[in-house]
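Trainee: I've got a protein model open and I'd like to learn how to read it. Could you walk me through a few features?

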Amino acid sequence: MAKPKRRFVCSSCGSVTNRWQGQCADCGEWNTLGEEAPQTVFSAKHDLSSGGRAILFEPLDKADDKLVRRSTGIAEFDRALGGGLVPGSAILMGGDPGIGKSTLLLQASAKVAQAGGLAVYISGEEAPGQIRLRAERLGLQSAPIRLASSTSVRDILTTLGGMEAPALLVIDSIQCMHSDQIEGAPGTVSQVRGCAFELIRYAKENGAVLVLVGHVTKDGSIAGPRVLEHMVDVVMAFEGERSHQYRILRNLKNRFGPVDEIGVFAMAGKGLEEVSNPSMLFLSGRENPVPGSAVFPAIEGTRPVLVEIQALIVRLQSGATPRRAVVGWDNGRLAMLLAVLEARCGLNFSACEVYLNVAGGYRLADPAADLAVAAALVSALADKPLPARSVWFGEVSLAGEIRPVAHGGLRLREGAKLGFEQAYGPEDSGGAGEAPAEMRHRVINLLPNLVDRIVGDE
């Protein structure tokens, strides 16, 4: 085989020469010649610049039929999706084992089938008889769902190709699917990626809504390649503690609606039941005010949710190593807040054990919870209850300032709806001026002011 010729191309003018030299002979620039990769037999065979068919371009304002969302029949599921199912979309749902993913999808499939849509439920983990037992427990045994058990993607696509495209196609789970064209056992990176690609391509071409159930790792993230989350249109996480009956369906990615929307469910004997007012759920059992308890109006997507933050301070003997335990909040953010309270307010937590809990198994990621956590910590340290029927929100900076947060008016309206009478937070929170008349907004701009108000009974 003849040795391929070397070519050097000038990055400034584009001239080509067969040998390298310091200065380009055409434009006179120095050190601009670089060697170009030679054309080999392999590159010639794999050249994709020709041989394909031309694609058609369409204008952005083309008059076409708009996609109409289909309701799942479960209002909280529709809320988390941003309004319902979009035809031709692919949804990836992850969650811990036994959290209720299959139960929720079986209920949604039954609602779609009972509303006149074709629902197909294919399980690679359970036999049809096992799914029937769950359907009988849920009272859905008469729903006209097409039920099957298979792990071969070729068999699934062949069967779907010979029938009407379903309105809802559930694959439980993608880690069990197998393609005979790809080497490797089910669940490997290549198998998961290849099987998901073929199923998503079918859904896009036929206008079916595809729901893929995904396993999760120890830290709660969806198992398998990260590219799987890029391939789908919607990524949802089903969260909750097994010791609690409440479940939260959280939207992590949505190409057709807002992100971070949530749906709240309660696990009951007849399956998952919707919780239309989650604020009442997370605030139950607050008859008498106790030290270390603060109410925070959180924002999840477009929904305000009032949650209770509980703090406990235990003083230790000198020399003992104190513990820091957090449930439902970021451990690093608690350490930062304790440091700010010590440096800016003169409070001493070094000889105390600190325990922080978000009631109801709820998990907070909103930075506006800083002020509520600080209020709970100061209240627990001083052993004084916070003012009754009050909510707290605001972000705390390292300088001890209370910074404004978004959706202040929405937070205050939710508090007023549940009977709270006063709110503590920064002055210029977004929309705080739109608070209802029955809700008094008390301004706190510095963290020492918070300590004075709680400890000094201002």
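Mentor: Sure, and let's begin with handedness: a crossing is right-handed if the near helix is turned clockwise from the far one by less than a right angle, and left-handed if anticlockwise. Keep in mind that this is a predicted model. Here, H10 passes H12 in a right-handed crossing.

Trainee: At what angle do H10 and H12 pack, and how far apart are their axes?

Mentor: In general, two packed helices are described by the angle between their axes and the distance between the axes. Helix H10 covers residues 370-382 and helix H12 covers residues 447-455; they pack at about 40°, with axes 10 Å apart. That angle is why H10 counts as oblique to H12.

Trainee: Which residues in H10 and H12 meet?

Mentor: On the H10 side look for Leu371, Ala374, Ala375, Val378, Ser379 and Ala382, and on the H12 side for Leu447, Leu450, Val451, Ile454 and Val455. Sorted by class, this contact has 10 nonpolar residues, 1 polar and no charged ones.

Trainee: What about the backbone? How do I spot something unusual?

Mentor: Start from the usual pattern: most residues other than glycine have a negative phi, and most peptide bonds are trans. Now look at Asp383, which is not a glycine yet has a positive phi of about 60°. Asp383 sits in the loop between H10 and strand S17 (390-392).

Trainee: And which peptide bond is cis?

Mentor: The one from Asp172 to Ser173, with omega near 5°. You'll find Ser173 in the loop between strand S7 (168-172) and helix H6 (189-206).

Trainee: Okay, on to holes. What is the volume of the largest pocket, and how many residues line it?

Mentor: A pocket is open, while a cavity is a space where a probe fits but cannot get out. The largest pocket has a volume of about 620 Å³, and 28 residues line it, with Ala237, Glu239, Arg250, Leu252 and Arg363 nearest its centre. S9 gives the largest share of that lining, 5 residues. By class, the lining has 11 nonpolar, 6 polar and 11 charged residues.

Trainee: How many cavities of 30 Å³ or more are there?

Mentor: A search of the whole structure finds 3. The largest cavity has a volume of about 100 Å³, and the residues nearest its centre are Gly240, Glu241, Ile248, Gly361 and Tyr362. S10 gives the largest share of its lining, 4 residues. The second largest cavity has about 40 Å³, and its lining includes Arg69, Leu81 and Phe256.

How values were computed: Residues are numbered from 1 along each chain as its sequence is written. This is a predicted model: local features need pLDDT of at least 70, side-chain atom pairs count only at pLDDT 80 or more; totals for chains, interfaces and linings use all residues. Side-chain values use heavy atoms; hydrogens and water are left out. On a 1 Å grid over the protein atoms alone, a cavity is a set of points where a 1.4 Å probe fits but cannot get out, and a pocket is an open set with protein on both sides within 12 Å along at least five of seven lines; lining residues have an atom within 4 Å of a point. Grid points are joined across faces, edges and corners, and a volume is the space filled by probe spheres set on the points. Helices (H or I, at least four residues) and strands (E, at least two) are DSSP runs, numbered from the N terminus. Ala, Val, Leu, Ile, Met, Phe, Trp, Tyr, Cys and Pro count as nonpolar, Asp, Glu, Lys and Arg as charged, and the others, Gly among them, as polar. Axes are lines fitted to C-alpha atoms, for helices over the stretch in contact, and angles run from 0 to 180 degrees between N-to-C directions. Angles under 35 degrees count as roughly parallel, over 145 as roughly antiparallel, 65 to 115 as roughly perpendicular and the rest as oblique. Contact means heavy atoms within 4.5 Å.
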